[in-house]
Amino acid sequence: MKNRILTAVSAIMLFVPWTILPLRTFDWALQSPAAEIMISCYAAFMIFSGIFTIAAYLGTTVRRTLIKVCLIINSLYAAFGIAALVMIYLPKTM
């Protein structure tokens with residue numbers, strides 16, 4: 001039961017980052033402070049979902065195909081989230 005719940009949560013986390021696309025159609029979402037905050041929050045969620053899925057995969061003994069797909073995609077999301085945060089905050093420190 002625990003394995004199914006972790007797999008379901010990881011699968012739901014696959015679709016959350018795509019909700020930024022409808023939000024970016026609003027004018028307020030394209031202005032500087034709101035855009036940076038929104039992208040930072042989504043990047044933090046993507047990093048969390050990657051770490052959560054890696055922990056769920058390593059913590060369970062069942063290796064289903066769905067959790068493997070979630071592991072790959074959420075790991076890519078985490079990498080892109082880290083890259084987004086670096087691109088936002090690194091130029092400000094230099």
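**Exercise 1. Find how much space lies in the largest cavity, and say what lines it.**

Solution. Start with the volume: the largest cavity holds about 40 Å³ of space. The model is a predicted one. Next, count the cavities: the structure has 1 of 30 Å³ or more. Now list the lining of the largest cavity: Asn3, Thr7, Thr60, Val62, Arg64 and Ile67. Last, sort these residues by class. The lining gives 2 nonpolar, 3 polar and 1 charged.

**Exercise 2. Describe the largest pocket by volume, lining and class.**

Solution. Take the volume: about 270 Å³ for the largest pocket. Then read off the lining. The residues are Pro17, Trp18, Ile20, Leu21, Ile39, Tyr42, Ala43, Met46, Tyr77, Phe80, Gly81 and Ala84. Place them on the fold: helix 2 (20–23), helix 3 (32–59) and helix 4 (65–93) each give two or more residues to this lining. Finish with the classes. The pocket lining has 11 nonpolar residues, 1 polar residue and no charged ones. Gly counts as polar, so Gly81 of the lining belongs to the polar class.

**Exercise 3. Is Met1 buried or exposed, and which patch does Met1 help form?**

Solution. First locate Met1: this residue sits in the segment before helix 1 (2–12). Then check its relative accessibility, which is 75%. Exposed means over 50%. Met1 therefore counts as exposed. Now look for its partners. Met1, Ile5 and Val9 make up a nonpolar patch on the surface. Together, the three have about 310 Å² of accessible area.

Notes: Residues are numbered from 1 along each chain as its sequence is written. This is a predicted model: local features need pLDDT of at least 70, side-chain atom pairs count only at pLDDT 80 or more; totals for chains, interfaces and linings use all residues. Side-chain values use heavy atoms; hydrogens and water are left out. On a 1 Å grid over the protein atoms alone, a cavity is a set of points where a 1.4 Å probe fits but cannot get out, and a pocket is an open set with protein on both sides within 12 Å along at least five of seven lines; lining residues have an atom within 4 Å of a point. Grid points are joined across faces, edges and corners, and a volume is the space filled by probe spheres set on the points. Helices (H or I, at least four residues) and strands (E, at least two) are DSSP runs, numbered from the N terminus. Patches are made of residues with over 30% relative accessible area and no salt bridge: like charges are joined within 9 Å, nonpolar side chains (Val, Leu, Ile, Met, Phe, Trp, Tyr) within 5 Å. Accessible areas come from the Shrake-Rupley method with a 1.4 Å probe; for residues, only the protein chains shown count as cover. A salt bridge is a side-chain nitrogen of Lys or Arg within 4 Å of a carboxyl oxygen of Asp or Glu. Buried means under 20% relative accessible area, exposed over 50%, partly exposed in between (1.4 Å probe, protein chains only).
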